[in-house]
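Work through the exercises below with the model open. Try each task before reading its solution.

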Amino acid sequence: MATGDEIVLAVINERRALRGALLPVLHGIQDRLGYIPSEAVATIARELNLSRAEVHGVITFYHHFREEPAGRTVIQICRAEACQANGADALVEHARAHLGCALHETTGDGAITLEPVFCLGQCAVGPALMLGERLYGRVTPARFDELVGRLGEPLA
Ligand code: FES
């Protein structure tokens with residue numbers, strides 16, 4: 001099995017010729033590893049002829065990129081306009097209180113990472129969230145608790 005370093009180099013080599021290769025490289029690494037390891041920053045900078053500060057700046061600018069491995073399940077709550085108009089902020093507050101972790105954080109047991117996202121294409125049925133690979137609309141706080149409570153149960 002390839003190590004993290006080998007995967008990082010493989011992704012760089014696949015994408016280095018692309019215009020503005022840094023973003024495609026970062027997306028590729030996160031898709032393959034689930035996050036951008038801090039050790040990868042120097043490798044990316046060297047291979048793409050950028051400074052470490054430039055690479056780090058892009059990673060921290062785009063909230064999509066994680067600097068730590070995610071929890072076993074990622075919950076992304078939409079914070080874009082249509083969902084905000086339907087109570088997304090209240091849902092985020094509820095999720096933070098229920099899980100005991102803030103946005104961009106993972107619960108202490110490593111079970112859930114909570115993230116914001118900007119539009120899931122479910123604008124008519126907000127507030128929307130993505131739990132793992134599944135989309136949910138009209139998520140009330142009670143529905144949120146139900147969904148989280150069912151994590152780990154076999155899918156029906
Ligand atoms: S605004 Fe939330 S899904 Fe589009």
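**Exercise 1. A first helix pair**

At what angle do helix α1 (residues 4-15) and helix α3 (residues 38-48) pack, and how far apart are their axes?

*Solution.* Keep in mind that this is a predicted model.

- Step 1. Take the geometry. The angle between α1 and α3 is about 30°, and their axes are 10 Å apart.
- Step 2. Classify the pair. Angles under 35 degrees count as roughly parallel. α1 and α3 are therefore roughly parallel to each other.
- Step 3. Add the hand. α1 crosses α3 in the right-handed sense.
- Step 4. List the residues. From α1 come Val 8, Leu 9 and Ile 12; they meet Ala 40, Thr 43, Ile 44, Glu 47 and Leu 48 of α3.
- Step 5. Sort them. The contact of α1 with α3 has 6 nonpolar residues, 1 polar and 1 charged.

**Exercise 2. A second partner for α1**

Describe how α1 packs with helix α2 (residues 22-33).

*Solution.*

- Step 1. The angle between α1 and α2 is about 145°, with 9 Å between the axes.
- Step 2. The crossing of this pair is right-handed.
- Step 3. On the α1 side, the contact uses Gly 4, Ile 7, Val 8, Val 11, Ile 12, Glu 14 and Arg 15. On the α2 side, it uses Pro 24, Val 25, His 27, Gly 28, Ile 29, Arg 32 and Leu 33.
- Step 4. By class, the contact of α1 with α2 holds 8 nonpolar, 3 polar and 3 charged residues.
- Step 5. Cross-check with Exercise 1. Val 8 and Ile 12 are listed in the contact with α3, and they also appear in the contact with α2.

**Exercise 3. From α3 to α4**

How do the axes of α3 and helix α4 (residues 52-61) cross, and within what distance do they come?

*Solution.*

- Step 1. The axes of α3 and α4 come within 8 Å and cross at roughly 120°.
- Step 2. The two helices are therefore oblique to each other.
- Step 3. Their crossing is right-handed.
- Step 4. Val 41, Ala 42, Ile 44 and Ala 45 of α3 touch Arg 52, Val 55, His 56 and Ile 59 of α4.
- Step 5. The contact of α3 with α4 divides into 6 nonpolar, 1 polar and 1 charged.
- Step 6. Check the connection. Asn 49 sits in the loop between α3 and α4. Asn 49 is not a glycine, yet its phi is positive, about 60°.

**Exercise 4. The sheet**

What is the strand order of the open sheet, and which strands are at its edges?

*Solution.*

- Step 1. The sheet has 5 strands in the order β2-β3-β1-β4-β5, with mixed pairing.
- Step 2. β2 (105-106) and β5 (134-136) are the edge strands, each pairing on one side only.
- Step 3. Follow one edge inward. β2 pairs with strand β3 (residues 112-117) in the antiparallel sense, over 2 bridges. Thr 106 stands opposite Thr 113 in β3.
- Step 4. Move on to the loop between β3 and β4 (129-131), the place of Pro 127. The peptide bond between Gly 126 and Pro 127 is cis, with omega about -5°.

**Exercise 5. The whole chain**

How many helices and strands does the chain have, and which domains does the assignment give?

*Solution.*

- Step 1. The chain has 7 helices and 5 strands.
- Step 2. From the N terminus, the elements run α-α-α-α-β-α-α-β-β-β-β-α.
- Step 3. The domain assignment gives domain 1 (4-61) and domain 2 (73-149).
- Step 4. The C-alpha centres of these domains are 28 Å apart.
- Step 5. The C-alpha trace spans about 50 × 35 × 25 Å along its principal axes.

Terms used:
Residues numbered from 1 in each chain as written. Predicted model: local features only at pLDDT ≥ 70, side-chain atom pairs only at ≥ 80, totals over all residues. Heavy atoms only, no water. Axes fitted to C-alpha atoms, helices over the stretch in contact; angles between N-to-C directions. Helix = DSSP H or I, 4+ residues; strand = E, 2+ residues; numbered from the N terminus. Parallel < 35°, antiparallel > 145°, perpendicular 65-115°, else oblique. Left-handed = near helix turned anticlockwise from the far one by under 90°. Contact = heavy atoms within 4.5 Å. Nonpolar A, V, L, I, M, F, W, Y, C, P; charged D, E, K, R; others polar. Pairing = 2+ DSSP bridges. Domains from an automatic or database assignment.
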